[in-house]
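Trainee: Please take one part of this structure and go through it closely with me, explaining each term as you use it. I would like to see how separate stretches of a chain come together.

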Amino acid sequence: MSDAAHAPDAHGHPAPPGGIMRWLTTTNHKDIGSLYLWFALIMLFAAGSMALLIRAELFQPGLQLVRPDFFNQLTTMHGLIMIFGVIMPAFTGFANWQVPLMLGAPDMAFPRMNNWSFWLLPVAAILLMSSFLLPGGAVAGGWTMYPPLFIQGGVSYDLTILAVHIMGLSSIMGSINIITTILNMRAPGIALMKMPLFVWTWLITAYLLIATMPVLAGAVTMLLADRNFGTHFFNAAGGGDPVMFQHIFWFFGHPEVYILILPAFGIVSQIIPTFSRKPLFGYASMVYATASIAILSFTVWAHHMFAVGMPVAAQLFFMLSTMLIAVPTGVKVFNWVATMWKGSLTFETPMLFAIAFVCLFTIGGFSGLVLAVAPVDIQLQDTYYVVAHFHYVLVSGALFSIFAGIYFWLPKWTGHMYDETLGKWHFWLSVVGMNIVFFPMHFLGLAGMPRRIPDYALQFTDFNQIATVGAFVFGFSQLVFLAVVLKAIKGGAKAPARVWEGAEGLEWTVPSPAPYHTFETVPAVK
């Protein structure tokens, strides 16, 4: 490379590297946000392909395409990648892009740690995916990593534990960065109770991550020790307790569910006021409801364990605390609906996805209340009703809010408007496909079809065939989304300074003025 490439700019700073080195060494929050989002999109197609293979196998009874052990490997890897490789990185990408801009900060508090926290993720993803190539194949013990299955597997299980450790480290570093940025780098005049809701949800989410990721790390480290060093934490033959693993795992796992949805609440709370041309109804109550959800999420973990034989008093406690957590969630839904009430609504693609989120996430919430009733859950445990419940929460909840946020902020990020017609095609295909694939699973579960099996009784055929058709509609509609994103990056109509007409300031937050930022220049980080 010539010396001209390293010539200093007008301010005396050395010119930044170009090509691949720009992305490997970048400390700019916008670049790192884009890296997180592209990584999440690639992982979405990888894990989504596994889901389509699962649904193709389940199109009719009998074994058609894959062996039973490979089927279980697909279900495990689909879950791990969707949670740790798609939803969490995508929301972290939003945080990297938007939090400094919303707070008037020049960048994240620790730019170099920001770079490191991203580049750990591809390493973990390669470890996870390469386990398919090892003797015995990938992990077939479920994404929850329960012993004794996880104690008995091959070397791919050790690789998976290492990958989970690395992804947890990435999450902790990113959370420290976000918390420090929010608490220390707000522009003058932006008090905590004047921050955009998206920033509030990420502040609370980051505290949840720091509190729970070490718990997961402890659980998988004990698993690793059981597998390789002769300990018996979870090995009943040596005096250990497999149910103890479930307690530790779900003490992480239930707050994790809210880690996957709280940033979605923040995104939707930015979008609905914008397209309603109204202030967000009940800003303070939304902040307090978010904090309440986070606190209560630590009290409900054993509702995943009603079938393990816990005492009746414990069942009652976890049943009632699970019902209690529905109250602040209901406050949020009420506030979103009240914001839209008598507003000057327009229905661009971000608003369509936000409305779909409110409606379909509520269905997932209600099915969660059904499962909160201990005697009902004991009947429905490990059936397709549970699969329907958490996919309504995580697909129409987390994933739809990610789509909404990308359509909402893409004009700011790229400087170009996206194709509204293609965006609406993507919305309708996704909503129709998603409901066709997951709604029949409620009936399959109520009829008793167990999950994670490659074969089933003849009476379940019709609903499974409907679900498989919906899965392919939903899966291939994401190619439309990819086309929309690439088209907006490549060019298109130039985005105006105020992208959403008539929404002055509302795309930030109502209680405080929008922090000044032109979006034209990348702030220098010294």
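**The domain contact and some pairs within it and beyond**

Mentor: The C-alpha centres of domain 1 and domain 2 lie 20 Å apart, in a predicted model. In the domain assignment of the protein chain (automatic or from a database), domain 1 runs over 28-242 and domain 2 over 261-475. Residues are numbered from 1 along each chain as its sequence is written, and side-chain values use heavy atoms, without hydrogens and water. Local features need pLDDT of at least 70 and side-chain atom pairs pLDDT 80 or more, while totals for chains, interfaces and linings use all residues.

Begin with the place where the domains touch, since there the two parts can be described together. Contact (heavy atoms within 4.5 Å) takes 42 residues from domain 1 and 45 residues from domain 2. The area buried between domain 1 and domain 2 (accessible area, 1.4 Å probe, lost on putting the two together and summed over both) is about 3700 Å², and carbon and sulfur atoms give 75% of it. On the domain 1 side, the elements that give two or more residues are helix 2 (29-57), helix 3 (68-103) and helix 7 (197-228), helices being DSSP runs of H or I with at least four residues, numbered from the N terminus. Among these, helix 3 gives the largest share of that side, with 12 residues. Between domain 1 and domain 2 there are 0 salt bridges (a side-chain nitrogen of Lys or Arg within 4 Å of a carboxyl oxygen of Asp or Glu).

Salt bridges do occur elsewhere, for the structure holds 5 of them. Side chains of opposite charge can pair when their charged atoms come close. One such pair is Arg227 with Asp158, whose closest N and O atoms are 2.8 Å apart. Because Arg227 belongs to helix 7 and Asp158 to helix 6 (residues 155-184), this pair ties together parts that are 69 residues apart in sequence. Arg227 counts as buried (under 20% relative accessible area with a 1.4 Å probe, protein chains only; exposed is over 50%, partly exposed in between) because its relative accessibility is 16%, and Asp158, at 19%, is buried too.

Another pair joins Arg451 and Asp382, whose side chains meet in a salt bridge at 3.0 Å, N to O. Here both partners sit in loops, Arg451 between helix 16 (420-446) and helix 17 (461-490) and Asp382 between helix 14 (374-380) and helix 15 (384-414), so that distant parts of the chain, 69 residues apart, are linked. Asp382 is partly exposed, because its relative accessible area is 37%. In a further pair, Lys487 forms a salt bridge with Asp419, and the closest N and O atoms are 2.6 Å apart. Since Lys487 lies in helix 17 and Asp419 in the loop between helix 15 and helix 16, parts 68 residues apart in sequence are tied together. Lys487 is partly exposed because its relative accessibility is 44%.

Finally, compare two uncharged residues. Leu128, in helix 4 (residues 111-130), is buried because its relative accessibility is 3%. Leaving aside neighbours within four places in sequence, Leu128 is in contact with Met77, Leu80, Ile81, Thr160, Ala163 and Met167. Leu128 and Ile161 are 33 residues apart in sequence and 9.1 Å apart in space, C-alpha to C-alpha. Thr339, in helix 12 (residues 326-340), is buried because its relative accessibility is 0%. Not counting residues up to four places away in sequence, Thr339 touches several residues, among them Ile272, Pro273 and Phe281.
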